[in-house]
Amino acid sequence: MQKLYLKLVKILPRSWLRLADELLWIPASWLPGEGIRKLLNRLRGVKIGKGGWIGHGTLLGNWPFLLMIGDNVIFADGVKILTHDTSFVVVGGHDLAGEVKIGNNVQIGENAIVLPGVTIGNNCVIGANAVVKSDVPSYSVVAGVPARVICSLGEGMRRVEEKLKTDRFFSTK
């Protein structure tokens, strides 16, 4: 998709491509029906695998062709995946862009933020409100600001099982 984008930039003004992305971005984030959100994000240029879920208000890459999502990835509401960072442009610095790769079977919690250049391995859980600024190894549970590995996936599943043994929690399966 990146090659296609670069070819289109030579033919069409960048402003047209950006306008097309902007027109799809809002409906791709907010329209009801997860299938519609997935389709519109694919039209924007996001590579999305099979299965999974995209919650309401989820922003998948401000440069969508730099985002690759594996199979069975669940994005809770309000997740932000950033592929472009202009933090220092106003003070004369450079803007940064980087690919974001998300493996298979990943759950990203509500309002989490993934910064440009990050790779998330397979079978991971990203906690709600986490800010992921570095790569996440496979089979990890990460949380916090900045996000850090808090346990392995196996240990996280064991902790959930322990919680289910108390009368304060129940399974919704």
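This report walks through a sheet, a helix packed on it and a surface patch in a predicted model.

## The sheet and its edges

Let's start with the strand order. Six strands form an open sheet with mixed pairing, and their order is β2-β5-β10-β13-β15-β16. At the edges sit β2 (53-54) and β16 (148-152), each of which pairs on one side only.

At the β2 edge, the neighbour is β5 (residues 74-75), and the two strands run parallel, joined by 2 bridges. Here you can find Trp 53 opposite Ile 74 of β5.

## The β15–β16 hairpin

At the other edge, β16 pairs with β15 in the antiparallel sense, with 4 bridges between them. One pair to look for is Val 142 with its bridge partner in β16, Val 149.

The hairpin made by β15 and β16 has 4 residues between the strands, and Gly 144 in this hairpin adopts a positive phi near 105°.

## A helix across the strands

Now for helix α4, which spans residues 153-164. Helix α4 lies across three strands of the sheet, β13 (124-126), β15 (140-143) and β16. Relative to β16, the helix runs at about 70°.

## A nonpolar patch on the surface

Phe 88, Val 90 and Val 91 together make a nonpolar surface patch of about 380 Å². To place one of these residues, look at the loop between β7 (84-85) and β8 (96-97), where Val 91 is found.

Why does Val 91 count as exposed? Its relative accessibility is 66%, and the cut-off for exposed is over 50%.

Terms used:
Residues are numbered from 1 along each chain as its sequence is written. This is a predicted model: local features need pLDDT of at least 70, side-chain atom pairs count only at pLDDT 80 or more; totals for chains, interfaces and linings use all residues. Side-chain values use heavy atoms; hydrogens and water are left out. Two strands pair if DSSP finds at least two bridges between them. Contact means heavy atoms within 4.5 Å. Axes are lines fitted to C-alpha atoms, for helices over the stretch in contact, and angles run from 0 to 180 degrees between N-to-C directions. Patches are made of residues with over 30% relative accessible area and no salt bridge: like charges are joined within 9 Å, nonpolar side chains (Val, Leu, Ile, Met, Phe, Trp, Tyr) within 5 Å. Accessible areas come from the Shrake-Rupley method with a 1.4 Å probe; for residues, only the protein chains shown count as cover. A salt bridge is a side-chain nitrogen of Lys or Arg within 4 Å of a carboxyl oxygen of Asp or Glu. Buried means under 20% relative accessible area, exposed over 50%, partly exposed in between (1.4 Å probe, protein chains only).
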